[in-house]
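The following report concerns the strand order of one sheet, the helices that pack on it, and two annotated spans of the chain.

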Amino acid sequence: MLRCPLQLVRLRLPVRQLSDLTTKFTGLGSFSNLNYDQLQSSLRTDSSQCEQFWKLIGEQQLNWMQPFHTVSDCDLKSAKIAWYLGGKLNASANCIDRHLATRADQTALIWEQDEPGNQVYITYKQLHAEVCRIASLLLQSGLQAGDTAVLYMPTGPPVVYCMLACARIGVAHSVVFAGFSAEALAARIQDVGAKVVITTDQAIRGGKTVELKRTVDAAVKSCPMVERVFVSTRTGASVPMGSIDVPLEKNAAACSADCAAEPMDSEQPLFVLYTSGSTGKPKGLVHSTAGYLVYTSLTHQHVFDYRPGQDIFGCVADVGWITGHSYVVYGPLANGGTTLLFESTPAYPDVGRYWETAERLGLTHIYLSPTSLRMLLRYSTDFVTKYDLSRLRVLGCVGEPLNHEAWEWYHRWVGGGHRDIADTWWQTETGGVCIAPRPSAEGAPILPAMPMRPFYGLEPVLMDPATGAEVTESPAEGHLCMRRPWPGMARSIWGDHKRFAETYYSQFPGLYFTGDGASRDAQGFLHITGRVDDVINVTGHRLGTAEIEDALDSHPAVSETAVIGYPHKLKGEAVYAFVILKDGVSIDRLGDLRRELKRRVRDRIAAYAVPEKLLFTDGLPKTRSGKIMRRILKRIAAEDYDSIGDISTLADPSVVEALKQHHDLYQ
Ligand code: WTA
C-alpha cells in the first residue's frame, strides 16, 4: 500500500466568491443559492432533496427523446441501480446533434498525431457525418440495437467515430486497450459476445508501429462468434485481409451521412469496459446510457471548471481506459467542448512533449497521470519552462496517489505556482470523478496530494475492516465506501450480476466498496492510500495479482506462484513474482525460464503486466490452512524486514528467512 503523510499546507490561492458556485447552478431551483457545504449537507440529510437535485440535473444536462418518470430506483444492499427510468435518449445525439445548431463549425476533436505538428481539427459537423456513415455501415452489416462490438484501436478520430456510431444505433461498445495481447483480446471478445470487431491496420506511438490487425487476426481464431472485422487505416501498411475483413473508411464513404439516432432506454448499456479485479478473469463493467452521460458531463463541467466554446480540454489518456471514455469522449462532447486525442507519449520526441503540445494547441486543461509526472520531473525543468503555458488554467491528474514531490513539481513548474491542481479520485466502476478538490470552487484551500472533497451528492464513508463498522471520528483511516448511489456508477458485470453484487456490495452491506483505503484528516478532507485488495496499480493501470499468477502457473515448469505489488519510484507499483518450480527442473534452466515466464505474461495479458522482479524460491509463507500470507511477501519485497511481524502462525516459519536471503542475493 502506498502511503503519503498527511501534510496540511495551506496554499495561498486567489479567493473565489461564493457567487462562482451559485452561477454554475443557474436554473437549479433552490439549489442555485447554496454553497458547496450547504448543498452537500442538504443532500446528505434529506433523500427527497437528493432525488430533486438529480432530477433537475438530469433534465438540465441532457436532451431527452422521452422524459423520464422516475429519477432513481436503487437498493445498494441488492446491487440494484437504475436511474432516469422511463426516459429515452441517444448518447450520440447528445454528444453531436444537439450541438449542431450552435456549434457546427466549432472544433470537436483535435487529433494530436504521434509526430508533433501534424494536428488535425474535426468540427462537430464533420463528426456528425463521419459517425453517421459508420453507423450506417454497421447497420448494413447486420448489427442491431442490443448487440455488442469490440473496438481494438489507437486513440484517434476513428475510435471516437466508432464509439459514437455504436451508441447511435444502440450497440454497446467494448473498447479494448490496444496494448493487450491477442489472448487477452480474445477473452474479452468471447466474454462480451461481440459479432463485430473494429480495428486499425497499425498504430503508431512514440515513433514505433504496433501491429493491431495481426493481433486481431490471432485473437479471432478462437472467437467463432465474430462475423465481421472492420479495419481502419492509420499507416496504410499492407496487412493480411481475410474473408471476414472489411476496410472501414472505404466502405463507410459509400454510406449515408445521415443516420437517425435511435431512442434508447436510459438504462440501455452504453458500453462494457473490462478491468482487473482481485480474483479471476477481468470483469466487464457495464455503464448505462443516461446516468453515465449525466454524470460524466456534470463532473467534466464542475471538477475541471470547463467552459465550452472557449476551452480546449487536454486529457492525454488512451481511449481504451475509463479516463479516455469519460473525459476524452463522452464528458467533453456531451458538453459541446473541444477535446484532444493524444496519440503519442509524454517522452516523444522528448520529455517536453506535453508542454510543447499545450503551447501549440493552446490547451486550457491538461489531465494526466502521476506516473508521467514522476518520470518527467527527473529531467531539467527547461523542458517545461521554454514553452508558453499561459493558456493552461486547470491541471488534473488521475490513476494513482499523487505523491508530494510530483504535486509540487506540477504545481510549481507547470502551474506557475498558482494554477489549481485537480487530483481526482475515481474508478472504472464509478464512471466519473467522485472525489476532487474542485467542486468547491469557492476559494477554499486546496491541499497538496489529496483529492479532498466528494462531488455533489456523494457520501464517502470510512469502514473498519475488522469490525465492519463505520469509522466516524476524524482524523481516521479505513476502507473507502460510498453510501449514496449516483447516476454514473456501473450497473453490473457483463453476464455476471452475482459477481458484481459479491465484489462491490457484500463486504459492507448497503454500501459500495471501492477496494481502496483512505484517510480523513481533522477537517474531513480525504486522502487515498491505495488498494486494500489484491489489485495492483502499475503506471496507473490496474492488474489483478490472480491474473498474473494464472499466466505464470500455466508454464509446465511452474508448481506455484505468488504475485504482489511493491512500491516503485517511477511506476507507483511494480509486479514481483515469487515462483516455486516443479521438482526436477534443472537449475541451469533458470535464465531461460525467467525469460519464458516474462514472455508468457506478455502474451497472455500485456507488456505492462510483466513482472519487474521474478524470484525462484523453494517455499512460500503459508498459514497452516494453506493460505499464502501476502502481507509477508510485500514486506520482503519492500525490504521492510523489521515490520514482518509475527510469523509463528506460519506452517513453516523458516521460509521467511530463506526468502529474505534469496531476495537479498537477487538484488
Ligand atoms: C486508483 C482510473 C489515488 C485507485 C480512473 C482506484 C487513485 C484505481 C486516484 C482505479 C487518485 C485513481 N488518488 N488513487 N487520485 N485515482 N486511483 O479503474 O486505487 O483504472 O481504485 O480508474 O486507481 O483505477 P481505474
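Helices (H or I, at least four residues) and strands (E, at least two) are DSSP runs, numbered from the N terminus. The model is a predicted one, in which local features need pLDDT of at least 70 and side-chain atom pairs count only at pLDDT 80 or more, while totals for chains, interfaces and linings use all residues. Residues are numbered from 1 along each chain as its sequence is written, and side-chain values use heavy atoms, with hydrogens and water left out.

**Annotated spans**

UniProt positions are given here in the numbering of this model, with shortened feature names, and the annotations may be inferred rather than shown by experiment. Both entries are unreviewed.

| UniProt domain | Residues | Helix | Strand | End C-alpha distance |
|---|---|---|---|---|
| Acetyl-coenzyme A synthetase N-terminal | 49–95 | 38% | 17% | 28 Å |
| AMP-binding enzyme C-terminal | 547–627 | 27% | 31% | 18 Å |

**The sheet and its helices**

Seven strands form an open sheet with mixed pairing, in the order β5-β4-β17-β16-β18-β19-β20, where two strands pair if DSSP finds at least two bridges between them. At the edges, β5 (120–123) and β20 (420–423) each pair on one side only. Within the sheet, β16 (residues 312–315) and β17 (residues 338–342) run parallel and are joined by two bridges, and Phe313 stands opposite Thr339 in β17.

Helix α6 (residues 124–140) packs on the sheet and touches β4 (107–112) and β5, contact meaning heavy atoms within 4.5 Å. The direction of α6 makes about 80° with that of β5; axes are lines fitted to C-alpha atoms, for helices over the stretch in contact, and angles run from 0 to 180 degrees between N-to-C directions. Helix α7 (residues 157–169) also packs on the sheet, touching β4, β5 and β17, and its direction makes about 140° with that of β4.
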